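Me: I should like to understand the terms that are applied to this protein. Please set each of them against its definition.

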Amino acid sequence: YGFSELIIRMDFYSTHTFSLSYTYYQFPVGVRTIPGFVISDSSTQQFVSLTYLYKDDHRDVQYYPLKGYYLGVEVNHAIPYEIAHNSYFKTNLRKYWQIFERWYWASGFTGKLSFEKIQPYYLQRGLGYGRDFVRGYEYYVIDGQHFAILKNNLKFALLPERVEKLGFIRTTKFNTIPVALYLNAFADFGYVYSYEVQFPDDQQSGNTLENSFLIGYGLGLDFTTYYDIVIRIEGTINGLGRPGLYLHFIAPI
């Protein structure tokens with residue numbers, strides 16, 4: 001896999017990224033015989049992808065925002081179309097409000113639409129990759145052609161951001177440490193749509209959460225400090241009624 005990018009930043013907030021990538025796969029016979037895994041009989045798959053990504057970022061702090069908004073739009077098309085079938089549109093919208101002196105609200109929506117009804121399984125990307133998951137389903141991968149996620153967070157600043165000085169460190173670049181602690185309650189909702197013709201036998205896919213409503217809710221404690229460090233501990237219950245305790249190192253939304 002290799003890629004090249006052209007990034008154009010016309011102003012402070014917006015960024016346009018044009019990407020050209022090349023991907024090469026080689027599959028053994030046992031993998032090619034799995035129904036739906038590939039859509040070609042060839043032992044190798046190679047294609048070029050053209051991607052455009054637009055970002056409009058008005059957040060106050062990128063690594064842990066409390067106010068502002070973010071908009072991301074991504075369009076991808078793969079060539080040759082007959083092999084890859086991996087063209088899609090994806091959008092990401094996040095909004096942050098300060099509702100009272102120490103209270104904050106955030107909501108984030110992520111959605112993906114694939115342009116093809118049939119996709120090779122090895123190119124499908126539903127929920128369970130990167131930041132695209134419903135909290136409470138961190139250990140689940142739910143693949144499909146389309147998905148949507150809505151995340152919601154109510155946050156209270158137990159310890160509003162303050163600056164601590166470490167006297168034993170002389171340089172001011174390292175002895176000034178901002179710290180903050182937030183208690184939050186959250187509720188996430190998601191849905192992954194997969195065409196039934198992808199796998200003729202449900203037992204072969206093993207994916208029992210596709211085409212079903214997903215929900216996760218719980219409480220969390222977030223700690224932030226310098227060098228963009230975020231440490232989150234969250235207790236959740238998902239739609240299956242299964243509780244979980246998770247540790248994260250990025251902002252929830």
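The turns below take up the model, its sheet, its salt bridges and its surface.

Me: What kind of model is this, and how are its residues numbered?

Reply: This is a predicted model, in which local features need pLDDT of at least 70, side-chain atom pairs count only at pLDDT 80 or more, and totals for chains, interfaces and linings use all residues. Residues are numbered from 1 along each chain as its sequence is written, and side-chain values use heavy atoms, with hydrogens and water left out.

Me: What makes up the protein, in terms of helices and strands?

Reply: Helices (H or I, at least four residues) and strands (E, at least two) are DSSP runs, numbered from the N terminus. By that rule the protein has three helices and 11 strands. From the N terminus on, their order is β-β-α-β-β-α-β-β-β-β-α-β-β-β.

Me: How do you know that β5 and β6 pair?

Reply: Two strands pair if DSSP finds at least two bridges between them. Strand β5 (residues 88-98) and strand β6 (residues 103-114) are joined by 11 bridges, and therefore they meet the definition. The two strands run antiparallel, and F89 stands opposite L113 in β6.

Me: Why is the sheet called open, and which strands are at its edges?

Reply: The 11 strands form an open sheet in the order β1-β2-β3-β4-β5-β6-β7-β8-β9-β10-β11, with antiparallel pairing. The edge strands, β1 (2-8) and β11, each pair on one side only. From one strand to the next, the twist averages 15° (axes are lines fitted to C-alpha atoms, for helices over the stretch in contact, and angles run from 0 to 180 degrees between N-to-C directions).

Me: Why is the contact of D132 and K90 called a salt bridge?

Reply: A salt bridge is a side-chain nitrogen of Lys or Arg within 4 Å of a carboxyl oxygen of Asp or Glu. The side chains of D132 and K90 meet at 2.7 Å, N to O, so the pair qualifies. D132 lies in the loop between β6 and β7 (146-165) and K90 in strand β5, so the pair ties together parts that are 42 residues apart in sequence. By this rule the count comes to six salt bridges.

Me: Is D132 buried or exposed, and what of K90?

Reply: Buried means under 20% relative accessible area, exposed over 50%, and partly exposed in between (1.4 Å probe, protein chains only). D132 has 11% and is therefore buried, whereas K90 has 21% and is therefore partly exposed.

Me: What makes R135 part of a network?

Reply: R135 forms a salt bridge with D188, the closest N and O atoms being 2.7 Å apart. R135 also meets E234 in a salt bridge of 3.3 Å, N to O. Salt bridges that share partners join R135, D188, R232 and E234 into one network. R135 is buried because its relative accessibility is 1%; D188 and E234 are buried too, each at 0%.

Me: Which residues form the nonpolar patch, and what makes it a patch?

Reply: Patches are made of residues with over 30% relative accessible area and no salt bridge: like charges are joined within 9 Å, nonpolar side chains (Val, Leu, Ile, Met, Phe, Trp, Tyr) within 5 Å. The members are F174, F223, Y227, I229, I231, I233, L245, L247 and F249, with about 880 Å² of accessible area together (Shrake-Rupley method, 1.4 Å probe; for residues, only the protein chains shown count as cover). Strands β10 (229-238) and β11 (243-248) are the elements that give two or more residues. I229, in strand β10, is partly exposed at 34%, so its value is over the 30% that a patch requires.
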